[in-house]
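Subject: the model, plus some notes

Hi,

Here is the structure I promised to pass along. Have a look at it first, then read on for what I found.

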Amino acid sequence: MMRIGPLEVERRPDPPVTWVLGVSLLAILAAMAASGVIFWSHGVAPLRAYGVIIRGTLFNVRALPEVVRFAIPLLLAGVGLVLAFRALFWNIGAEGQILAGATAATWVALFSPVPDPLKLPAMFLAGFLGGAAWGFLPALLKLRLAVNEVISTLMMNYIALYLVSWLVHGPWKGPQMRGFAFTDEFPPAAQIPLLAGTRIHWVTLLLGILLAGAVAFMLARTRLGFEIRVQGESLDAARYAGIDPTRTTLLVMLFGGGAAGLAGVGEVGGIHHRLLDPNQISLGLGYAAIIVAWLARGSPLAAVLTALFLGVVFTSGDVMKVALQMPARVTDVFNGLILFWLIGSERALYYRVRWVPRREAPAPLPVPDAGAGSGGPGDGE
Amino acid sequence: MHVEAFLALQNITKTFPGVVANDRVTLEVRPGEVHALLGENGAGKTTLMSVLYGIYQPDSGEIVLRGRPVRIRSPHDAIARGIGMVPQQFLLVRRHTVAENVALGLAGTPVLFPARHVQRRIEDLGQRYGLLVDPQAPVWSLSVSEQQRVEILKALMRGAEILILDEPTSVLTPQEALGLFAVLRRMKEEGHAVIFITHKLDEVMAVADRVTVLRKGRVVDTVPVARTDKRALARMMVGRDVEFRLPKAPATADGEALAVEDLWTRSDRGLLALRGVSFSVRRGEILGIAGVAGNGQREQVEVLTGLRRAERGRVRVLGRDVTNRSAREVFEAGAAHIPEERVRMGIVPRLSVAENLVLRQYRYPPFCRGPLLDPEAIFDFARRMIAEYDIVTPSARTPARALSGGNIQKLILARELSGEPGVVIAAHPTSGLDVSATEQIHALLLRRRQQGAGVLLVSEDLDEILALSDRIAVMFSGEIVGTVAAGEADRERLGLMMTGQRG
Amino acid sequence: MEEWVLNTIIRGLALGTPLLWAALGEVYAERSGVVNLGVEGMMILGAFSAFALAQTTGNPLLGLLLAAGAGAAGALLHAFVTITLRANQYVSGLALTMLGLGLSALLGRRWEGLPLLETLPEVSAFTYLSLLLAVALWFVLYHTRWGMVVRSAGEAPAAVDTLGVNVALVRYLAVVFGGAMAGVGGGFLSVAYRPSWTEGMTNGLGWIAIAIAIFASWDPLRAVAGAFLFGALFHLSFRLQTWVAPEPLQMMPFAFTILVLAATARRGGRARGAPEALGVPYVRGER
């Protein structure tokens, strides 16, 4: 325990939800403040800018559906990542898994003999399998060869990117337009229905919400969920309980990859109705999903909210372009800043701060020398 | 003959939350002497040396070095003042050569080719002190005893006049230990002072000039080795406190609960930790395993509970051979485990009390039906356990890590004992707990014994062993050096066995 | 035929140079125990700042200097978050990449499409300087006091700490140095290799640089081989465009990385040769 002036700071291994929320909120506000500097450097008053953004996204009837449109893939990929992170598998490959799912769905839509009424379900199934397959390889490499999953999943992103690029410029090339390459348009049977007047492909949205619920249920109420939670906490205890780490990790990654794959299906089936330049499909959603999952702090249901939040961030890009003449890229900056503040504030989660002004001066307890090992046996960080 | 004290630790007191590790300890060391620091685990030897080496600051007391009081703020400081330490876990860069390790951070080494610069001196020192080692060899290729020599060289190169060695022979073979003693004698001749932390009486008699015995944080006495013997030292080490034996009905010895035959296994470092251990525990009896930590007890428990491979030998639980089976299979054969590391291994900290209570049995009905868990069944069970085992917790949903140490232990006992296992393996079950929690744990273990289970109790606390056991076996250096019935055991005899004398 | 080969070598050297600078920087950072996945972000910040200054002042070398500073600044942020705040190193690096890509795109808008009149030639004294630098860095790492301290900080920080050397400081310096190197690498792209500025012009080179560091087993001389190999590979993917689709070749370095990781793997540990304390924040107290 330390005193800093009138504040008392002490370690607290089990923070209440309110504290976690508070710290997370502060992190977001800090990121907003830092982004404010960017606005200011472009000659826009930060407060005014945020006002415009909030009005333009949350209070604008036409913008709100866009928020949901972005939230759909973010939710799907995010839920997958929540599960992966819970099992301590650092999956950075959602971007590639989205593309893998999109590719599989495109194949079903354009090149498979599946009859029309079955096209959409087949697309979803194929997309799930495609994403799952994309996540399976890094998982296998980690389990069998101890290959670091951060780098392997990242590399798979680029492989997926070039794969799609090749398909779109090569064997799957459709009509070209001004040098932009894309495939043929999907037949109507392969297009996911939208909510009237919006770009919300509600089937995928439903899927996302169901998945979030399903994962939450799975974690809380099933054997597998229990095993995942135990393993993510303590490998020793997992061994004790007879849990097989290989099985749980593989299952988690197959699901996570599959969920991201579904996001990809949604993008090509619901928004673009074709496979095109990979950057246009994944849009950095896979990386933003990391923030969705991190902010949700392990809760699949909370991911619904954090996905909406990131949806606002994505939509604000357009608002900024139109209303403030600022490039949409600011959202990338904001995302980076949020992530920094989030991870930078992690340690603060486990401390409690109290306002205790000194009234009398009690005899100070011997405080262990801060320079040489604070504490004795039994004190672990 | 009056010799100037080189170093004096005067009235050093060091406390940690809940425990007084050093209580007004005074230690005085002369140049040219090997001074042994003897005591059981928890006696305060390592803490005292950590204070000397600057890792901790004392709460009160003084360090007087060469006649002047000093404050040692960090190991770097200690080294600068001529105090060197050879730790039990070496701090060496395995991938680098001996010369590179010695040269690291050494003042006076040149910017270019620092390792080459020290090579000559390493060879010279090696000759002078008998610390022969190839300066160009990478550390990972060296034997443990050679690595230890590198640590000593590091200290000597930095001008250590006082050298602290922390249980140096715990990683050496007997021959290598002899080699070390020869080195220590050379150091004596060169005028260094050596402080030697140990719990092995043989070594004290073999190489030390004087010995200071610590017990429970206090100095018992400091005597010249020539004027004492092992019996006396053992007596000083374990004390003559009144034993508190719990009233218990005589053992209902009736069939074999746990049997171990000729177990051999290696520690994480690759050394032999168990050398042909054999014993058996009958139903309705408690067999206590006494011994200073580090003599194979941990590896023993790990082999018995399925967490470590036995290279040779058999383990039988209630008649069934469970040698080298998984932790789960051992448990299901009827052997419960109260682990030494309560929080790291015994519970899943962030999961709730209820979930922790079913950690071993969650996959069976009534807790589980098909792929789904049954929360009601789990909570029912939890509530019963909380009541029966008197676990103090705000609710069954509280995360387990929010509980106090004693209640965590009760949780673990509840989980492990609720299935009425025929064998209980308890490793240091009351370490760090207060008196009332300790009493409760003891009562629970005795109850299981009464109900016919065989209990293996591993503990460093002789009081606990004497109070609970029907028979006591003593482990030293990976072997059982003797087994006595509780009625015939006394602290002196056990103390001698704990330090290597066969009983 | 020879012209073709010569051309490949030259362009391989050209593209290999930025890769080399970034890889050398990452080697030092990781040798000290800190993984910095923000190389892509630092490179692109370097590319942008080099171009901007070179365009304004007409002096490309000044641009490179600023690039070093930009990369170092980014690295400093990463160092603070991972060393002082002990946050997850991998995620922090990722955040740095996001930040770098976004920031450079943002600030670089008005510089897009502008020509650069004073440029550095693709292969020149600078290339040879880079090779010399690699040799020098190799020498420093293995045969000097500082290099030994850096390596020890990444292998056994506890040992270094006990001997009175400030582990955090060593790591800060190594990481910031790595950032400066990555910045210069990026600067070379926009000022010599393809004198221009477009957002995202690094195109994943930063990730390749990290892969090269691993591929080279954290050895500066091997990094030279790796950098020029990958540089040539990249160039080939353009050259062979008339016969082979470029994407499979562009994919190669990334697939290669995975292969290398799998091949150099070791049971229960990191790649063979990885600094033992890599990726783990150092906490004193844990002796």
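How many helices and strands make up the secondary structure of chain C? The count is 11 helices and 0 strands, where helices (H or I, at least four residues) and strands (E, at least two) are DSSP runs, numbered from the N terminus.

Before the rest, some housekeeping. This is a predicted model, so local features need pLDDT of at least 70 and side-chain atom pairs count only at pLDDT 80 or more, while totals for chains, interfaces and linings use all residues. Residues are numbered from 1 along each chain as its sequence is written, and chains are lettered from A and ligands numbered from 1 in the order in which they are written.

Back to chain C. Its radius of gyration (taken over C-alpha atoms) is 19 Å, close to the 19 Å from the globule rule (2.2 Å times the number of residues to the power 0.38) for 287 residues, so the chain is as compact as a globular protein of that length. Its C-alpha atoms fill a box of roughly 60 × 40 × 30 Å along the principal axes. Of the 287 residues, 60% count as buried, meaning that 20 or more other C-beta atoms, placed from the backbone, lie within 10 Å of the residue's own.

Within chain C, H1(C) (residues 2–31) packs on H10(C) (residues 220–239) at an angle of about 135 degrees, with the axes 6 Å apart. Axes here are lines fitted to C-alpha atoms over the stretch in contact, and angles run from 0 to 180 degrees between N-to-C directions. The two helices are therefore oblique to each other (not under 35, over 145 or 65 to 115 degrees).

Now the contact between chains C and A: 39 residues come from chain C and 38 from chain A, with residues in contact if their C-beta atoms, placed from the backbone, lie within 7 Å. On the chain C side, the elements giving two or more residues are H4(C) (89–107) and H11(C) (246–263). H4(C) gives the most, with 12 residues. By class, that side has 24 nonpolar, 9 polar and 6 charged residues; Ala, Val, Leu, Ile, Met, Phe, Trp, Tyr, Cys and Pro count as nonpolar, Asp, Glu, Lys and Arg as charged, and the others, Gly among them, as polar.

Last, chain B. In H1(B) (residues 45–52), 8 of the 8 residues are buried, so this helix is largely enclosed by the rest of the structure. Among them are Leu48(B), Met49(B) and Lys45(B). Gly54(B), with a positive phi near 85 degrees, follows H1(B).

Cheers

Terms used:
Buried ≥ 20, exposed ≤ 12 C-beta atoms within 10 Å, placed from the backbone. Contact = placed C-beta atoms within 7 Å.
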